[in-house]
Amino acid sequence: QVQLVESGGGLVQAGGSLRLSCTLSGRAFNTNALAWFRQAPGNGREFVAVISWRGDTTQYADSVKGRFTISRVNTKNTNTLYLQMNSLKTDDTAAYYCAADRRPFGLGSPISHEYEYWGQGTQVTVSS
């Protein structure tokens, strides 16, 4: 059974940092682009960052560029996705979701419906 499990969310003051993790299991995701999305109350799901299957290409939403860093670690049996979030703002408050692209060997996309597998989300709350 495929599972994506996020962790690392929490409450932090504006200007602080958090590191989110996503552990993927149930099948290998070494050839799939992986991404982070977020959703604040009353808003739709928003693209945050994506990393290619090789890990050599990344793309960020303008709102997080220069503050967030996406990375991944692929091993023979596991895949882990990270999101380092620095200089957090109150506007970053949202539930954060990791996702795996349905297509192999892709660079990734900011479009949510191109992702087949999703985690359950981890809450990030930034206080002023």
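Here are four short exercises with worked solutions on the structure above.

The model is predicted, so local features need pLDDT of at least 70 and side-chain atom pairs count only at pLDDT 80 or more, while totals for chains, interfaces and linings use all residues. Residues are numbered from 1 along each chain as its sequence is written, and side-chain values use heavy atoms, with hydrogens and water left out.

**Exercise 1. The disulfide**

Find which cysteines form a disulfide, and say where they lie.

Step 1: Start with the cut-off, since a disulfide is a pair of cysteine sulfur atoms within 2.5 Å. Cys 22 and Cys 98 fit, with sulfur atoms 2.0 Å apart, and the count comes to one disulfide.

Step 2: Place the two cysteines. Cys 22 sits in strand β3 (residues 18-25) and Cys 98 in strand β9 (residues 94-104), so the pair links distant parts of the chain, 76 residues apart. Strands (E, at least two residues) and helices (H or I, at least four) are DSSP runs, numbered from the N terminus.

Step 3: Look at the twist. The torsion about the S-S bond of Cys 22 and Cys 98 is about 50°, so this disulfide is right-handed.

Step 4: Check burial, where buried means under 20% relative accessible area, exposed over 50%, and partly exposed in between (1.4 Å probe, protein chains only). Cys 22 has 0% and is buried; Cys 98 is buried too, with 1%.

**Exercise 2. Salt bridges of Asp 92**

Work out which arginines meet the side chain of Asp 92 in salt bridges.

Step 1: Recall the idea: side chains of opposite charge can pair when their charged atoms come close. Here a salt bridge is a side-chain nitrogen of Lys or Arg within 4 Å of a carboxyl oxygen of Asp or Glu. The structure holds six salt bridges.

Step 2: Take Arg 38, which meets Asp 92 at 2.9 Å, N to O. Because Asp 92 lies in the loop between β8 (79-85) and β9 and Arg 38 in strand β4 (residues 32-39), the pair ties together parts that are 54 residues apart in sequence.

Step 3: Now take Arg 67, which meets Asp 92 at 2.7 Å, N to O. Arg 67 lies in the loop between β6 (58-60) and β7 (68-74), so this pair ties together parts that are 25 residues apart in sequence.

Step 4: Compare with the burial cut-off. Asp 92 is buried at 1% relative accessibility, Arg 38 is buried at 5%, and Arg 67 is buried as well.

Step 5: Put the pieces together: Arg 38, Glu 46, Arg 67 and Asp 92 are linked in a network of salt bridges.

**Exercise 3. Around Asp 101**

Describe how Asp 101 meets Arg 103 and Asn 32.

Step 1: Arg 103 forms a salt bridge with Asp 101, the closest N and O atoms being 3.1 Å apart. Arg 103 is partly exposed at 38%, whereas Asp 101 is buried at 1%.

Step 2: Asn 32, in strand β4, is buried at 2%. The side chain of Asn 32 reaches the backbone oxygen of Asp 101 at 2.8 Å.

**Exercise 4. Positive phi**

Which loops hold Ser 87 and Phe 105?

Step 1: Most residues other than glycine have a negative phi.

Step 2: Ser 87 has a positive phi of about 50°. Ser 87 lies in the loop between β8 and β9 and is partly exposed at 42%.

Step 3: Phe 105 has a positive phi near 60°. Phe 105 lies in the loop between β9 and β10 (115-118) and is exposed at 54%.

Conventions: Polar contact = N/O pair within 3.5 Å; in protein donor to acceptor, adjacent residues only side chain to side chain.
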